[in-house]
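Reader: I would like to learn how to read this model. Where should we begin?

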Amino acid sequence: PVDASTAALTVQPVGFIRSCYREKFGIPRQPGLATSARARLELSGACNCLEAVNGLGDFSHIWVQFLFHGTQAEGWRPTVRPPRLGGDKRVGVFATRSTHRPNPLGLSVVKLEGIHQDNGQVWLELSGIDLLDGTPVVDIKPYLPWADSVTEATSGFAPEPPENHPVLFTDEALEQCRQYQQQTGHPFQQLIMELLSQDPRPAYLKKRSRSDYGVRLWGCNIRWRVTEKGFEVFSIEREDR
Ligand code: SAM
């Protein structure tokens, strides 16, 4: 017989995420959906050394296992209402990728753009992430396409990627995008298009008549509204972090 208490384990972060996503709202629901999204994974403690990632740079993608630190305190329930089902129907927590889980651990496959070291800090450059700024990472593993990609797999109530919605910019917002892009090197316009085209609103907000929203990226508040033609970005305001 297995004694459940012997399976208890204390897990220490191996690093932390510094991400373009400064709040939950707007983050894609899975990795790879917004390929312009960038993050640094800064290794910490005894893991902050190049030896620990020796050989990893030869892999294009990695698995990142992490703690849902932003929702951890909210606990979990055996059933959840996935956005894919319109927020009305309940399914078992283990049939979903919900952030609210008995052990609040997430798993994302992301692109490894590079491995760097500056001022004693080793960090991995990642793209296509779905991770909140400050996320503690508990493990990193190379992605093995021949073992991890299952071509005949089916995916229940989420059979396809999210549908794409049109995204428009006012002239003012477009100009602000150009300016911030030039000042910071971040691909503002491309990332905003990737994020908004997936309609980041949770199901309950889609049912409300409210039409103005804000998404926080790289220290800027991206303000957009729902119009008949699509989602229109009308201003980009710089914020102090
Ligand atoms: N790919 C992961 C998985 O399947 O375990 C995460 C899927 S989860 C549905 C993705 C959402 O988690 C994002 O849209 C974002 O809102 C949320 N999220 C990302 N990092 C988080 C964190 N550190 N704490 C809480 N929520 C987070």
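Author: With the two domains. This is a predicted model. The C-alpha centres of domain 1 and domain 2 lie 24 Å apart. The domain assignment puts domain 1 at residues 9–148 and domain 2 at 167–238.

Reader: How many residues of domain 1 are in contact with domain 2?

Author: In general, the size of an interface is often quoted as the accessible area lost when the parts come together. Here we have a contact count instead. 15 residues of domain 1 touch 16 residues of domain 2. On the domain 1 side, eight of the contacting residues are nonpolar, five are polar and two are charged.

Reader: What does the UniProt annotation say about residues 11–152?

Author: The record is an unreviewed entry. Its annotation for that stretch reads "domain: TsaA-like". In the model, residues 11–152 are 3% helix and 35% strand. The C-alpha atoms at the two ends of this stretch are 34 Å apart.

Reader: Next, the core. Which residues have the most contacts inside the largest nonpolar core?

Author: Leu-41, Leu-191, Ile-192, Leu-217 and Ile-222 do, in a core of 41 residues. Helix α3, residues 188–196, gives the most to this core: six residues. Domain 1 and domain 2 each supply at least three residues to this core.

Reader: Take one of those residues. What is Ile-192 in contact with, leaving aside its neighbours within four places in sequence?

Author: Ile-222 and Val-233. Note that Ile-222 is itself among the residues with the most contacts inside the core.

Reader: Why is α3 described as largely enclosed by the rest of the structure?

Author: Use burial. A residue is buried if 20 or more other C-beta atoms lie within 10 Å of its own. Seven of the nine residues of α3 are buried, so the helix is largely enclosed by the rest of the structure. The buried ones are Phe-188, Gln-189, Leu-191, Ile-192, Met-193, Leu-195 and Leu-196.

Reader: Which elements do the buried residues of α3 pack against?

Author: One helix and four strands: α2 (171–184), then β9 (167–169), β10 (212–217), β11 (220–226) and β12 (231–238).

Reader: Let me look at β9. Is Val-167 buried or exposed?

Author: Val-167 lies in strand β9. Val-167 has 20 C-beta neighbours inside 10 Å, so Val-167 counts as buried. Beyond four places in sequence, Val-167 touches Met-193, Leu-196, Ser-197, Gly-230 and Phe-231. Met-193 and Leu-196 are also on the buried list of α3.

Reader: How do I read separation along the chain against separation in space?

Author: Set the two numbers side by side. Val-167 and Leu-217 are 50 residues apart along the chain, with C-alpha atoms 17 Å apart. Pro-28 and Leu-131 are 103 residues apart in sequence, and their C-alpha atoms are 8.8 Å apart. Glu-175 and Arg-208 are 33 residues apart in sequence and 30 Å apart in space, C-alpha to C-alpha.

Reader: Where does Pro-28 lie?

Author: In the loop between β1 (15–19) and β2 (38–43). Pro-28 counts as partly exposed, because it has 19 C-beta neighbours inside 10 Å. Outside its neighbours within four places, Pro-28 is in contact with Leu-33, Ala-34, Asp-130, Leu-195 and Gln-198.

Reader: And Glu-175: buried or exposed?

Author: Exposed, because 12 other C-beta atoms lie within 10 Å of Glu-175. Glu-175 lies in helix α2.

Reader: On to backbone angles. Which residue other than glycine has a positive phi near 50°?

Author: Asn-119. Asn-119 is found in the loop between β6 (105–118) and β7 (121–127). With 4 other C-beta atoms within 10 Å, Asn-119 is exposed.

Trp-218 is another case. Its phi is positive, about 45°, although Trp-218 is not a glycine. Trp-218 sits in the loop between β10 and β11. Trp-218 counts as buried, because there are 20 C-beta neighbours inside 10 Å.

Reader: Last, the ligand. How many residues surround the ligand?

Author: 19 residues surround it, and the closest are Gly-70, Arg-97, Gly-106, Leu-132 and Thr-135. By class, the shell has seven nonpolar, eight polar and four charged residues.

Technical notes
Residues numbered from 1 in each chain as written. Predicted model: local features only at pLDDT ≥ 70, side-chain atom pairs only at ≥ 80, totals over all residues. Core = buried A, V, L, I, M, F, W, Y, C linked by C-beta atoms within 7 Å. Domains from an automatic or database assignment. Contact = placed C-beta atoms within 7 Å. UniProt positions renumbered as here; feature names shortened; annotations may be inferred. Near = placed C-beta within 6 Å. Nonpolar A, V, L, I, M, F, W, Y, C, P; charged D, E, K, R; others polar.
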